[in-house]
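Me: Could you take a close look at the charged side chains of this protein, and tell me which of them pair up and where they sit?

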Amino acid sequence: MPSWPLILRDDPSVLFTSAGMQPLVPYFLGRKQPPAKRIVTVQKVFRSTDIDEVGRDGYHQTFFEMLGNFGIGDYWKKEAIAWGWELLTKEFGFDPGTLVATVHTSDDEAYEIWTKELAYLPPERVYRLGDEHNFWAPGPTGLCGPDSEVFVDKGPQPGAAPHDCDPGDDCGRFIEIWNFVFQQYDRRPDGTLVPLAKRNIDTGSGLERITQVLQGVTGDTFRTDLFQPLVKKIEALSGKTYGESAESDVSIRIVAEHTRAATFLIADGISPSNEWRGYVLRRLVRRAALHGRRLGLATGSLAVIAGEVIKTMQRHFHELTSGRDRIVQVIGDEEAKFERTLANGLALLNEAIERARARGQRFIDGDTAFRLYDTYGFPLEMTREIASTASLEIDEHGFRRLLEAQRSRSRATAKFSLDAMRFGQFYAMLKETEGVRSEFTGYGELETDGTVLSLVVNGERVEAAHEGADVEIVLDRTPFYPEGGGQVGDRGTITTDEGRALVADTQTAAPGVIVMSAKVVDGVLRLRSAAKAGVDADLRRDTMRNHTATHLLHATLRRLFGEDVHQAGSLVHAPNLRFDFTFGRALTPEELGRVEDEVNRAILENASVHARVMPLQDALASGAMALFGEKYDDEVRVVEAGPSRELCGGTHCHCTGDIGLFLITKEESIGAGVRRIEAVTGIGALREVRDLRDGLAQVGAMLRVPPPRVPEAVAQLVDSRSRLEREIATLERSGVESVAASLLDTAELVNGTKLVAADVGDGDVKHLRALSDRVKSAIGSGVVVLGGIREGKAYLVVTATRDVAGRVDADAIIKRVEAIIAGRGGGNAESASAGGKDVARVGDAVAAARSAVHERLNGGRGTS
């Protein structure tokens, strides 16, 4: 079997595939039918727990390739051990005299196989160890069993007697090269081990570990063929050599390993972000970028190294080939984004380190750590790593407090009168103690008869809600869809014999409890009274159109741009739809046109939209799309609409033709590697077209051309404007030349230096500077003082040639006279300006500036 992705579709709640056997769990548990009883894989795995350890030695990694052999209710211990031994000793060429094995203390069967039935090893070379070393149990209950491991024995190590060390000790003598897991028990909640009727084998090794041993570089994966192409590329880019210094070796290992891992994460659809999987990817890229900087790598080098990863590994992992452009772009963009804030962030951190040392503190304060995270994009782990080099810790409690305060501020916009947590707890208690529960009927009808089970006003349960009250209503049956899966909550009315309420929003307060947030607009609503709930039909139908169109859009984007396109968020309501997806660049106008065409073709096919409820595993096996990060119940709803099949609890059209016209209104970036499309459908699309048509007709009327000729007329208008702007610029230059010529006639010689000072009348700073530059270039050496008025404001400009600026500081002159025009200004020694309100005193300001220039040129004697 080919490797499963690093994100398992069978269990979207799991962060990453972290073990070779993990994708096969549904087969082991009997949830899915395996394609065969014997399966072999080279499985990609990722373990985020070791990120901070990478680089400190030669063997820690986050990304691995696991060689796995699996028997599902087929062969058992004897066959597995025999074949594993044959592979190790015959194919890989290990000397049997250097190998030892371990078994669980309770596993007499495996011990007998090693020492008697197959007699590969004498009893003294088979070690019996406890649960910590030789019992496999991925959780407190469920599948489990003993295991047996094979080690290379390097012999007694310096400082340790032979009998003082066994494979369970961390003494450096033994190197694990193979593992046999015997899944033979089902552990019950009380700890009882129940033998399985159908037993499984999971046996294999890590490719990186066994490659170290086979290539004779034990303890340093980075000297194996797996990493040498990356190490050589980093050496070429940095000028450093692996092995020449401990400091640079750490950075080379981090850059190589993290770039390789990031490449595979991006290939499987992950984008950098501040949440969950995206946060792990961001940590990898930014930690690699930091150490790349220490190696002297230029910005963009990580993308080059990612290209080397693709080159060396795409033969076996084809997703690298199809995702090449996105991988390189996402890594390059993330590296460049981090580089823009890195220098400022490091400066802030270094200041905090010095401040902590000066105060005798052993930690960096939480405020600094949070600011680095929030403003400069430093993952907390990176700040901790840098601080540790200065023997300092992080005030993580303070950091967490500030982070939670920020999140609390974000939650402050909650729609309901109770805060989010109390809201959920409140209704969960009602469900548990009083059996309050809602049946959702909105898939099949928009009006439902029900009974009022709960009324809450101002956070308190009440018997009645009177006219004008804001109230939360729970009915035993309701057609109102609660917000979820990107679709907003329904709006509408709830009517009883005594009153009526307008529903503004609908939410799920607890599993199975749907709460309508409403205002009583007539009469009174009473507890336990019969009620008729009616959804706003127009809003619901518009929302359904947009929701089904979102599914078609998702399927179209994946078909046109590849399977690494994944949904990254959505908003579905009546006015329009918003769809966020992973993609590394902007879509061209031509590509957007293709997307629109494909979605509209699917609409015109008028395919029926079907929804079926089925077990989660069956739904995933059928090819239904599950969203990253979503958690699903054991029973899920699968919606099929034309080319789309997704897990979705939302409301949809009966057939794709109900959507009507689909029109994209916007495409933009909302973050590194994530794009957003906004679109309208149905009546909304018709309004958009009508507005565009009416706008085009208005423009045509203003240009006196029919609508089809508007682009041509606009192009002519732009050409005419450009020509007029060039003519105006020419006239302005000729005007400047003319005025400059007249100003030159007023030049005076002050102690051997030319000075031109004048109030030119009309002119702002831009005009006065242009005029001053022309005069200055004409006199060659000297000072120019000009004043002017434009649009009710006074302006003053002083400039000096470089050889004079040492004696006449333009900035000092401006600051000396700016008050005369009731203004402020500044600049440098060669050029300064001021703007003010007193237009009547521009001439006085010019005269004062002229006098100040005289004073400086005459050595303090003033105007001569």
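Reply: What follows is a walk through the charged side chains, from the salt bridges to the acidic residues.

This is a predicted model, in which local features need pLDDT of at least 70 and side-chain atom pairs count only at pLDDT 80 or more, while totals for chains, interfaces and linings use all residues. Residues are numbered from 1 along each chain as its sequence is written, and side-chain values use heavy atoms, with hydrogens and water left out.

A salt bridge here is a side-chain nitrogen of Lys or Arg within 4 Å of a carboxyl oxygen of Asp or Glu, and by this rule the count comes to 48. One of them joins Asp 108 to Arg 128, with the closest N and O atoms 2.4 Å apart. This pair links distant parts of the chain, since Asp 108 belongs to helix α3 (residues 108-117) and Arg 128 to strand β4 (residues 126-129), 20 residues apart; helices (H or I, at least four residues) and strands (E, at least two) are DSSP runs, numbered from the N terminus. Asp 108 is partly exposed at 47% relative accessibility, and Arg 128 is likewise partly exposed at 33%, where buried means under 20% relative accessible area, exposed over 50% and partly exposed in between (1.4 Å probe, protein chains only).

Arg 528 and Glu 463 also meet in a salt bridge, at 2.7 Å from N to O. Arg 528 lies in the loop between β19 (513-526) and β20 (530-535) and Glu 463 in the loop between β13 (460-461) and β14 (464-466), so the pair ties together parts that are 65 residues apart in sequence. Arg 528 counts as exposed, with 57% relative accessibility.

The salt bridge between Arg 545 and Asp 542 (2.7 Å, N to O) lies within helix α16 (residues 537-561), where the two residues are 3 apart and therefore separated by about one helical turn. In addition, salt bridges that share partners join Asp 52, Arg 283, Arg 384 and Glu 396 into one network.

Turning to another acidic residue, Asp 268 is found in the loop between α7 (246-267) and α8 (276-294). Asp 268 is buried, with a relative accessible area of 10%, and a polar atom of the Asp 268 side chain lies 2.7 Å from the backbone nitrogen of Leu 6.

Asp 618, by contrast, is partly exposed, with a relative accessible area of 40%, and is placed in helix α18 (residues 616-621).

Key: Polar contact = N/O pair within 3.5 Å; in protein donor to acceptor, adjacent residues only side chain to side chain.
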